[in-house]
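Here are a few notes to go through with the structure open beside you. They deal with the packing first and then with the charged pairs.

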Amino acid sequence: MILKTTHQMLGVLLWALISAPTTSLAQQSTPLDQVEQEAIKALILQTIRENPEVLVDTLLAFQEEAQAQAEAEQHAAIARVGDLLLADGNTGVMGNPEGDIVLVEFFDYNCPYCRRAAPVLFELIEENPDLRIIMREWPILGPDSELAARASLAAIKQNKFEAFHEALMAHPRANTVFIRRAAEQAGLDYDQLQADMDAPEGDAHIAKSHDLARQLGISGTPTFLIGETLLPGLLEKADLQALISEAEDVD
């Protein structure tokens, strides 16, 4: 019992040392003299040598608390920008425009993982009639990506965003040649599309995407958001469907 109590006490000390590395023992409200400090350090080192699981358990506890804090901060960020994500009219929407189940994707037309995700999203739209997918243009892979994002946003004005998006995602990359081909396949007026690509709404959308990504801590594409769940990277269809089904149950 004494040994267990000692381990618990040392765990608390280790936790305090890890959680507040800039605060020394000598800075506590009741200062310890040098001899007492050295005795405590020696006891800690001896226990770590004899029972390394004490350090492991403490580090794991620290990691769990740090993760919980990061998740809490992320949930707070989602709550803070949620209305901007859902109510921005200057954004492409696929599926049911009035759907109650909302999935947001931050994407780049030249992201290979976004391209692999595209047909999966269209399958999910077919299988979930109440699904609304908000496509957040986040061109982070160079000038061609930004050009494609502006073309995609311009297609909204001709009510052909979804058709253009599907056509462009089917090409090997997004550039001037394939943007024009996708526009033709989607039945867009290409001259009008080019004129609309310079509209200030494109600048506003892209700038907002950068700001939202910063606030949410998003570092790459694709990143999916549904409810309070933010998931980076390419996801399996089954995983996305599970999130959609869970959101349906909540509603």
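1. One term before we start: a residue is called buried under 20% relative accessible area and exposed over 50%, with partly exposed in between. Aspartate 203, at 41%, is therefore partly exposed. Bear in mind that this is a predicted model.

2. Have a look at helix 6, residues 161-169. Its buried residues are Phe161, Phe164, His165, Ala167, Leu168 and Met169. And what do they pack against? The buried residues of helix 6 pack against strand 1 (92-95), strand 2 (101-107) and strand 3 (131-137), and also against helix 4 (112-127), helix 5 (143-156) and helix 7 (176-185).

3. Two of those helix 6 residues turn up again in the largest nonpolar core, which has 42 residues. Phe164 and Leu168 are listed with Tyr109 and Leu193 as the residues with the most contacts inside that core. Helix 4 supplies the largest share of the core, 8 residues. Apart from this core lies another, of 14 residues, including Val102, Trp138, Leu212 and Ala213.

4. Leucine 193 deserves a click of its own. Leaving aside residues up to four places away in sequence, leucine 193 touches Ala151, Ala154, Ala155, Gln158, Ala183 and Leu188.

5. Now the charges: the whole structure has 10 salt bridges. One of them joins the side chains of aspartate 88 and arginine 136, at 2.9 Å from N to O. This pair links distant parts of the chain, 48 residues apart: aspartate 88 sits in the loop between helix 3 (53-87) and strand 1, and arginine 136 in strand 3. Are the partners buried or exposed? Aspartate 88 is buried at 16% relative accessible area, and arginine 136 is buried too, at 1%. Asp88 and Arg136 also belong to a network of salt bridges with Lys208.

6. Aspartate 203, from point 1, forms a salt bridge with arginine 150, with 2.5 Å between the closest N and O atoms. Here again distant parts of the chain are linked: aspartate 203 is in helix 9 (residues 200-216) and arginine 150 in helix 5, 53 residues apart. While aspartate 203 is partly exposed, arginine 150 is buried, with a relative accessible area of 17%.

7. For a pair within one helix, try helix 7, where arginine 180 and glutamate 184 lie 4 residues apart, about one turn of the helix. Their side chains meet in a salt bridge of 3.4 Å, N to O. An α-helix has 3.6 residues a turn, so residues three or four places apart point the same way. Arginine 180 is partly exposed, at 41% relative accessibility.

Notes. Residues numbered from 1 in each chain as written. Predicted model: local features only at pLDDT ≥ 70, side-chain atom pairs only at ≥ 80, totals over all residues. Heavy atoms only, no water. Buried < 20%, exposed > 50% of the residue type's maximum accessible area, 1.4 Å probe, protein only. Helix = DSSP H or I, 4+ residues; strand = E, 2+ residues; numbered from the N terminus. Contact = heavy atoms within 4.5 Å. Core = buried A, V, L, I, M, F, W, Y, C linked by side-chain atoms within 4.5 Å. Salt bridge = Lys/Arg side-chain N within 4 Å of Asp/Glu carboxyl O.
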